[in-house]
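Welcome to a short set of exercises on reading a protein structure. Keep the sequence and the 3D view open, and try each task before you look at its solution.

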Amino acid sequence: MNLMLVLAAEDAGDPPNPVIPEINEIVWAAIFFIALWTLMKYVLLPPITRAMENRANTIQGDRDAADAATASLGSTRRDYEGSLADARNEANEIIAAARASADERRSALQAEADAEIAELRRSAQSEIDQARADALSGMSGDVATLAVSAAGAVLGRSLDAGAQQSVIDQALAAE
Amino acid sequence: MSTLSQLAALAAEADTTAADDAKNAAAAQGAGYAYGLAAIGPGIGIGYLVGQAVQAMARQPESAGQVQTTMFLGIAFTEALALIGFVVFILLKFV
Amino acid sequence: MIFGAVEFPPIENVIEWPAFFFKNSDYFAFNKIALIYFLGMAIPAVVFLLANRGDALVPRGFRTAAEGIVEFVDGQIVQAAIGPDGRKYMPLLTSLFLFIFIGNITEVIPFFQMPGNARMAGPLVLALIVYVTWISVGIKHNGLGYIKEVLVPPGVPKPLYVLVTPIEFLSNFLIRPFSHAVRLFANMLAGHILLVTFSVLCISVFSASLLFIVEPFTFAGLLAFTAFEVGVSLIQAFVFTILTAVYIGMALHPAH
């Protein structure tokens with residue numbers, strides 16, 4: 001298939017070759033493509049690439065800021081945890097002091113109460129002893145008289161009260 | 001115009017139509033062979049190429065993008081032969 | 001007729017279009033193909049202009065589309081085939097990709113149903129522009145020695161240059177632009193003829209009384225090939241653009 005022959009045939013008015021380009025289509029394709037290329041180069045593409053670069057920079061900046069914020073967050077958290085631990089220690093100390101003073105106070109009160117009880121017990125004991133001594137001394141006289149009179153009545157005669165008394169006293173003492 | 005010359009003209013016309021028909025039939029046959037033969041090599045080639053590319057992508061999935069781009073390039077180069085066969089087909093069949 | 005008849009229309013009825021403007025001019029007759037090339041310029045221009053208004057920090061609408069295209073061309077084509085110094089060819093490559101894609105996709109768009117690139121004019125113009133571009137890039141970056149470097153590649157035994165130089169000349173300076181144009185043209189023409197064939201088959205089968213039962217299959221085939229051609233449109237635009245990038249990259253860095 002000779003190109004010159006084909007072109008000659010086309011000039012003669014035969015059906016055009018589907019592979020050979022038409023001159024008007026070449027012209028329009030060249031005009032529109034070169035127009036698009038020029039527009040793309042000077043009008044359409046620069047703003048978009050600039051915007052994309054700006055956005056990439058902004059995102060990078062924001063990411064750096066976020067990293068910095070994360071770092072400062074770490075130090076803030078450490079500070080906070082430190083102060084929290086301090087406060088906890090202080091509270092523990094206060095509680096311990098309160099507990100100590102309460103213990104102290106309780107033991108003091110207890111000691112006082114113990115002392116009072118001991119005092120009361122001691123006085124009660126002495127009263128009891130006193131009463132017993134009184135009762136003993138009172139009872140020995142009455143018992144001697146009763147026994148002498150009872151014995152006198154039994155023997156039918158009046159016994160020497162003085163001699164009997166000493167015998168009874170001896171008996172009581174021996175008892 | 002005499003009857004004889006009319007007959008002669010008719011006979012000549014019939015001869016040219018027959019010759020055109022024979023030529024068209026030969027062209028159609030040639031077009032079929034041209035495209036059929038032109039499609040064999042690229043068919044085998046593209047099959048082999050894509051098979052190897054798939055194997056490469058399966059072995060190293062992380063390089064799939066690179067392999068894919070190269071695969072398309074290879075297909076484009078291989079396919080050119082079949083497409084030239086197709087153009088020959090168009091030229092034989094329709095011109 | 002029981003089986004109907006499949007009459008393929010003459011090829012010029014399928015790919016030649018009458019002019020609507022400048023009907024008498026040989027050079028400026030404006031037909032459907034020229035309208036498709038016009039849309040190939042106008043649609044990207046309008047999308048990018050709409051994308052460029054307003055707040056740029058949060059992309060939405062047209063801006064998302066435009067940025068997606070720019071990112072695709074940058075990542076898949078420029079970085080893959082040229083490298084970081086290929087950024088200055090972004091306008092050419094983006095224009096090529098969009099112009100070719102719109103010229104191809106009209107193949108399946110109703111009322112057009114004709115790929116603009118199925119006429120040799122578009123691919124030829126684009127391939128010539130690319131041819132001029134890569135040769136001038138090579139000469140600009142490597143001096144006139146670039147041509148010598150391509151024709152007489154270093155590291156070949158001396159007697160072999162008798163063979164190598166003509167082959168390199170043919171493959172680089174003659175076959176390369178030709179195959180670059182023909183690859184796109186023939187793909188789109190083949191796809192167009194495929195779709196026309198299936199449409200003609202559908203109509204013939206529809207009007208044939210007995211063969212009407214195979215209509216669902218032919219129609220399903222037409223639909224499947226239409227979907228296939230959408231993919232072909234995208235891949236051919238991508239392949240043309242990435243080949244351009246490869247040629248420019250080879251001209252920029254001839255060593256590898």
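Two residues are in contact when heavy atoms lie within 4.5 Å. Keep in mind that this is a predicted model.

**Exercise 1. Describe the secondary structure and exposure of chain A.**

Step 1. Begin with the elements: chain A has three helices and zero strands. Its pattern along the sequence is therefore written α-α-α, with helices and strands taken as DSSP runs.

Step 2. Next, look at burial. Chain A has 175 residues, and 15% of them count as buried.

Step 3. Finish with the surface. Chain A exposes about 12800 Å², and 59% of that comes from carbon and sulfur atoms.

**Exercise 2. Describe the interface between chain A and chain C.**

Step 1. Use the contact rule from above: 35 residues of chain A are in contact with 49 residues of chain C.

Step 2. Turn to area. The two chains, A and C, bury about 3600 Å² between them, and carbon and sulfur atoms account for 77% of it.

Step 3. Look for charged pairs. There are three salt bridges between chain A and chain C. One salt bridge pairs A:E25 with C:R119, whose closest N and O atoms are 3.2 Å apart.

Step 4. Add the polar contacts: seven residue pairs are found between chain A and chain C, with both residues at pLDDT 80 or more.

**Exercise 3. Is A:R55 buried or exposed, and which side chain does it meet in a polar contact?**

Step 1. Locate the residue: A:R55 sits in helix α2 of chain A, which covers residues 23-155.

Step 2. Compare with the cut-off. A:R55 has a relative accessibility of 12%, so it counts as buried, the limit being under 20%.

Step 3. Find the partner. The side chain of A:R55 makes a polar contact of 2.8 Å with the side chain of C:E67.

**Exercise 4. Describe the interface between chain B and chain A.**

Step 1. Count the residues: five from chain B are in contact with four from chain A.

Step 2. Take the area. About 420 Å² is buried between chain B and chain A, with 89% given by carbon and sulfur atoms. On the chain B side, B:I90, B:L91 and B:V95 lose the most area to chain A, together 75% of what that side buries.

Step 3. Check for polar links. The rule finds zero salt bridges between chain B and chain A, and zero residue pairs in polar contact with both at pLDDT 80 or more.

**Exercise 5. Work out where C:F21 and C:I105 lie and how exposed each one is.**

Step 1. Start with C:F21, which is in the loop between α1 (11-15) and α2 (32-51) of chain C. Its relative accessible area is 48%, so C:F21 is partly exposed.

Step 2. Link C:F21 to its surroundings. C:F21 belongs to a nonpolar surface patch with A:I23, A:I31, C:F20, C:F22, C:Y27 and C:F28, and together these residues have about 700 Å² of accessible area.

Step 3. Move on to C:I105, found in helix α4 (residues 90-105) of chain C. C:I105 is buried because its relative accessible area is 15%, and the limit is under 20%.

Step 4. List the neighbours. Leaving out residues up to four places away in sequence, C:I105 touches C:V230 and C:S233.

Step 5. Try a distance: C:I105 and C:D74 are 31 residues apart along the chain, and their C-alpha atoms are separated by 22 Å.

Note on methods:
Residues numbered from 1 in each chain as written. Chains lettered and ligands numbered in written order. Predicted model: local features only at pLDDT ≥ 70, side-chain atom pairs only at ≥ 80, totals over all residues. Heavy atoms only, no water. Patch = residues over 30% accessible without salt bridge, like charges linked within 9 Å, V, L, I, M, F, W, Y side chains within 5 Å. Areas by Shrake-Rupley, 256 points an atom, 1.4 Å probe, with all protein chains shown as cover. Salt bridge = Lys/Arg side-chain N within 4 Å of Asp/Glu carboxyl O. Helix = DSSP H or I, 4+ residues; strand = E, 2+ residues; numbered from the N terminus. Buried < 20%, exposed > 50% of the residue type's maximum accessible area, 1.4 Å probe, protein only. Buried area = accessible area lost by both parts, 1.4 Å probe. Polar contact = N/O pair within 3.5 Å; in protein donor to acceptor, adjacent residues only side chain to side chain.
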